[in-house]
Amino acid sequence: MNIKTPINFSPNFSTTRRNKKKIKYIVYHYTGMRSENKAVKRLTDVNSNVSCHYFIKRNGQIILMIPELFEAWHAGKSNWKKDISLNKNSIGIEISNKGHEFGYENFSKAQISSLIKLSKYLIKKYNIKISNILGHSDIAFERKKDPGEKFPWKHLANKKIGIWHKIKEKKLKKYRKKKISNIEMFTFIKYLNKIGYFTKNLNNNKKLTLVKSFQRRFRQKLINGKIDRECLIIAEKLSKLS
Ligand SMILES: [Zn+2]
């Protein structure tokens with residue numbers, strides 16, 4: 001399969017070509033801007049210092065902004081497993097959406113079908129592990145909420161894009177909001193660490209954003225920052241996949 005896209009190059013990239021083998025992650029974002037045009041302008045403006053490899057418009061059109069073998073500037077300060085600052089070893093995909101600040105909307109069907117096509121192409125080309133397909137909020141939970149709780153992670157996982165727990169909703173519902181012990185709270189954090197989240201130096205505030213970030217990705221029905229039994233069983237299952 002090949003991806004043919006229109007090009008709108010961004011000047012914001014590191015000019016050293018990277019080895020194909022360096023690419024091990026895909027990171028999804030939403031643009032979080034008032035309009036799609038503004039988002040495109042910002043990502044291609046030399047003064048913004050931000051960019052991505054691919055941009056997906058509301059109508060599903062995919063635009064190439066940075067060639068894959070150059071490092072785009074989309075992740076910022078970030079951590080996953082043992083990796084720090086993921087720009088150097090990832091492909092960044094921006095999906096047009098106003099985001100939590102300006103009116104978070106459902107991703108369009110056209111966007112998701114383009115995203116699936118593009119992701120499959122990249123996964124194959126760079127041999128990317130499904131556990132290395134991430135959202136910006138996974139790797140920078142203190143600062144970021146994107147792509148957020150409307151992003152269809154479960155649907156993508158059905159297409160072998162990203163991990164999922166596959167626990168039935170009926171079972172999950174029983175454990176939603178059910179309290180767990182203090183020891184189980186620690187176990188939960190341990191599972192998160194195993195999945196790949198950065199769990200060092202957690203104060204209460206950081207812990208809250210970490211739990212919310214986990215929920216935005218894996219327990220999208222309730223984002224409250226509280227660790228309940230549903231979160232615990234999901235995390236346990238996922239920790240075995242990572
Ligand atoms: Zn982002």
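For my tally I count Ala, Val, Leu, Ile, Met, Phe, Trp, Tyr, Cys and Pro as nonpolar, Asp, Glu, Lys and Arg as charged, and the others, Gly among them, as polar. I am working from a predicted model.

**Pocket**

I looked up the largest pocket and tallied its lining by class: eight nonpolar, nine polar and eight charged residues. The lining has 25 residues, and Y30, T31, G32, K144 and D146 are the ones nearest the centre. I then asked which elements give two or more residues to this lining. They are β2 (25–30), α1 (36–43) and α2 (99–102). Helix α2 has the largest share, with four residues. For the space inside, I noted about 570 Å³.

**Zinc**

D146 turned up again when I checked the metal. The zinc ion is coordinated by H29 through ND1, H136 through ND1 and D146 through OD, at 2.1 Å. Along the chain I read the donor spacing as H-x106-H-x9-D. I also checked where H136 and D146 sit: H136 is in helix α4 (residues 136–139), while D146 is in the loop between α4 and α5, 10 residues apart. I found both H136 and D146 buried.

**Aromatic rings**

How many aromatic pairs does the structure hold? I get 12. I picked F107 and F151 to look at: their ring centres are 5.4 Å apart and the planes stand at 90°, so I logged the pair as edge-to-face. F107 is in the loop between α2 and α3 (109–126) and F151 is in the loop between α4 and α5, so this pair ties together parts 44 residues apart in sequence. Both F107 and F151 are buried.

Next I went from F151 to W153. Their ring centres are 4.8 Å apart with the planes at 65°; the cut-off for edge-to-face is over 60 degrees, so this pair is edge-to-face. F151 and W153 are both buried too. Putting the rings together, I have one aromatic cluster made of Y28, Y30, Y104, F107, F151 and W153. Of these, Y30 was already in my pocket notes, among the residues nearest the centre.

**W164**

Last, I looked at W164, which sits in the loop between α5 (153–158) and α6 (169–175). Is W164 buried or exposed? Its relative accessibility is 13%, and buried means under 20%, so W164 counts as buried. Leaving out residues up to four places away in sequence, I listed what W164 touches: W153, K154, A157, R217, F218, L238 and L241. For K154 I also noted the backbone distance: the C-alpha atoms of W164 and K154 are separated by 6.3 Å, with the two residues 10 apart along the chain.

Notes. Residues numbered from 1 in each chain as written. Predicted model: local features only at pLDDT ≥ 70, side-chain atom pairs only at ≥ 80, totals over all residues. Heavy atoms only, no water. 1 Å grid on protein atoms, 1.4 Å probe; cavity = no way out; pocket = protein on both sides within 12 Å on 5 of 7 lines; lining within 4 Å. Points joined across faces, edges and corners; volume = space filled by probe spheres on them. Buried < 20%, exposed > 50% of the residue type's maximum accessible area, 1.4 Å probe, protein only. Contact = heavy atoms within 4.5 Å. Donors = N, O, S within 2.8 Å, 3.2 Å for Na, K, Ca; no water. Phe/Tyr/Trp six-rings, centres within 6.5 Å; stacked < 30°, edge-to-face > 60°.
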